[in-house]
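Please open the model in your viewer and keep the sequence panel beside it. The stops below are meant to be followed in order, with a selection to make at each one.

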Amino acid sequence: MSSSNARRVRKFQAKVAALAMCKLGELLDEFYAFLEQQPQPEDQEVRDEFIRQENRWKRYCEVHHLTDKAALMFNQEVAVKWKSKYTVPKDQSEI
């Protein structure tokens, strides 16, 4: 492959990755806004919304031929946020 073709491929891949990150950000923002609504959603509503948004992300990944690793990103990002924002530390839960 010539260097100009390689550059073109890298540029295309960078554009695909940037668009995917924008889409992931949109879906995460929608999910976090859902979590913050008042009154707070019930546990089952949260589960249902998580599944809905995760499935939207997985469909996006499938349609755009993203990797299996990319398809896990929604779940991973929610897990990190959930642990830092919504989980009560063990030492405080025993008070």
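The tour goes from the whole chain to pairs of helices and then to single residues.

**The whole chain**

Begin with the full protein chain in a cartoon view, keeping in mind that this is a predicted model. The protein chain has five helices and zero strands, and reading along the sequence gives the pattern α-α-α-α-α. Its radius of gyration is 18 Å, well over the 12 Å that the globule rule gives for 95 residues, so the protein chain is more spread out than a compact globule. If you turn the C-alpha trace along its principal axes, the spans are about 65 × 25 × 20 Å.

Switch to a surface view next, where the accessible surface of the protein chain comes to about 7,500 Å², with 56% of it belonging to carbon and sulfur atoms. Of the 95 residues, 23% count as buried. When contacts between residues at least 6 apart in sequence are taken, 58% of them join residues at least 24 apart.

**Helix 1 against helix 2**

Select helix 1, residues 3-36, together with helix 2, residues 43-63. Their axes come within 10 Å and cross at roughly 170 degrees, which means that helix 1 is roughly antiparallel to helix 2. On the helix 1 side, show L19, A20, K23, L24, L27, E30, F31, F34 and L35, and on the helix 2 side E45, V46, E49, F50, R52, Q53, R56, W57 and Y60, since these residues make the contact. Sorted by class, the contact holds eleven nonpolar, one polar and six charged residues.

Now pick out E49 in helix 2. Is E49 buried or exposed? With a relative accessibility of 12%, E49 counts as buried, and, leaving aside its neighbours within four places in sequence, E49 is in contact with F31 and F34.

**Helix 2 against helix 4**

Keep helix 2 selected and add helix 4, residues 73-86; the two pack at an angle of about 140 degrees, with their axes 9 Å apart. That angle makes helix 2 oblique to helix 4. The residues to display are V46, F50, Q53, E54 and W57 of helix 2 and M73, F74, N75, V78 and W82 of helix 4, which form the contact. By class, this contact of helix 2 with helix 4 has seven nonpolar, two polar and one charged residues.

**Two loops**

Move to the loop between helix 1 and helix 2, where P39 is found. Which kind of peptide bond joins Q38 and P39? The bond is a cis peptide bond, with omega at about -5 degrees.

Then go to the loop between helix 2 and helix 3, the latter being residues 68-71, and select H65. H65 has a positive phi of about 55 degrees although it is not a glycine. In the surface view H65 is exposed, with a relative accessible area of 72%.

**A last stop in helix 1**

Finish by selecting V9, which is found in helix 1 and is partly exposed, with a relative accessible area of 36%. Draw a distance from the C-alpha of V9 to the C-alpha of N75: the two residues are 66 apart in sequence and 29 Å apart in space. N75 has already appeared on this tour, among the residues of helix 4 in contact with helix 2.

Methods
Residues numbered from 1 in each chain as written. Predicted model: local features only at pLDDT ≥ 70, side-chain atom pairs only at ≥ 80, totals over all residues. Heavy atoms only, no water. Axes fitted to C-alpha atoms, helices over the stretch in contact; angles between N-to-C directions. Helix = DSSP H or I, 4+ residues; strand = E, 2+ residues; numbered from the N terminus. Parallel < 35°, antiparallel > 145°, perpendicular 65-115°, else oblique. Contact = heavy atoms within 4.5 Å. Nonpolar A, V, L, I, M, F, W, Y, C, P; charged D, E, K, R; others polar. Rg over C-alpha atoms; globule rule 2.2 N^0.38 Å. Buried < 20%, exposed > 50% of the residue type's maximum accessible area, 1.4 Å probe, protein only. Areas by Shrake-Rupley, 256 points an atom, 1.4 Å probe, with all protein chains shown as cover.
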